[in-house]
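Here's a quick tour of one protein chain and its ligand. Have a look at the picture, then read on.

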Amino acid sequence: MNTTAGGLETVTEEEIAGQWRERARRSGLRRVMRSSQPDSLNTGVTERTRAVVAAQLGLVADRLGRRPRHVLEIGCGIGRLTPAIAAQAGRVHAIDMTPAMLDQARATCRHLPAVEFECVRADRMRPPRERFDAAVCVWVLMHVLDESRLADTCRVIAESTRYLTLVEYEHARVPVSKWSRLRSLEDYVRLLPGAEVVDERMIDYGGDRSFAALIAFGERAGR
Ligand SMILES: C[S@@+](CC[C@H](N)C(=O)[O-])C[C@H]1O[C@@H](n2cnc3c(N)ncnc32)[C@H](O)[C@@H]1O
């Protein structure tokens, strides 16, 4: 644990990684959603999120004139959304930094041969040789606390994909914990070179609001 000059408590990357390893020991959706919320709400919000992600991948298909061939899921957790993404895509490459989350995701997707998993930190990703048609990133970048590392990560994401579905909290009734940063869609757009928001929806989670934005990148974004 560190303290900034202003007296704010900050946490290190290793502490954040440890917290996700701990959270992976919870049960069901509580591993990737708030344990303070009732299971029925977590299930309902998950259904809504799957529908939003599927709709935005459908918009990508409309714009490309074909189904997305290769989709990157950044921070897939236990695979809560992965089958919904796979249903809209040729292949899915899903990454997460927490091995026990990935174990659960692999089990959830064992019937989906077009999904592959990789244990890697989003903030250590390198751009692929060939851009993904789309990427999906739900409630992950808010856990990258270091602003300069977030900026680097956003640059790599913009270089790695033609479209991005980004879901992050923009309003929370209670202050977010020391494990997260509340940022607006505009904050992310500023950090994503070449970003243009082409669709924006809202996901309500017990009164807390997340934006769900479909972002398009120009052909040479970030390059
Ligand atoms: C709130 S969960 C969301 C999981 C999934 N996107 C979903 O909506 O169900 C956050 C996930 O991101 C992963 N994560 C957090 N920071 C990460 C990072 N820097 N790189 C890769 N994965 C990360 C955690 O291990 C966890 O599985």
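## Around the ligand

Start with the ligand: 19 residues surround it, and Gly75, Gly77, Arg80, Thr98 and Ala122 come nearest. Here, being near a molecule means that a residue's C-beta atom, placed from the backbone, lies within 6 Å of it. Sorted by class, the shell has 11 nonpolar, 4 polar and 4 charged residues. Ala, Val, Leu, Ile, Met, Phe, Trp, Tyr, Cys and Pro count as nonpolar, Asp, Glu, Lys and Arg as charged, and the others, Gly among them, as polar.

A word on the model: it is predicted, so local features need pLDDT of at least 70 and side-chain atom pairs count only at pLDDT 80 or more, while totals for chains, interfaces and linings use all residues. Numbering runs from 1 along each chain as its sequence is written.

## A helix with two sides

Now find helix α4, residues 99-108 (helices are DSSP runs of H or I, at least four residues, and strands are runs of E, at least two, numbered from the N terminus). Its residues Met101, Leu102, Gln104 and Ala105 are buried. Looking down the axis of α4, the buried residues fall within an arc of 160° (taken from the directions from the axis to the C-beta atoms), so they line one face of the helix. The face turned away from that buried side carries Pro99 and Ala107, which are exposed. Buried means 20 or more other C-beta atoms within 10 Å of a residue's own, exposed means 12 or fewer, and partly exposed is in between, with C-beta atoms placed from the backbone.

## The whole chain

Zooming out, the chain has 6 helices and 9 strands. Buried residues make up 36% of its 223 residues.
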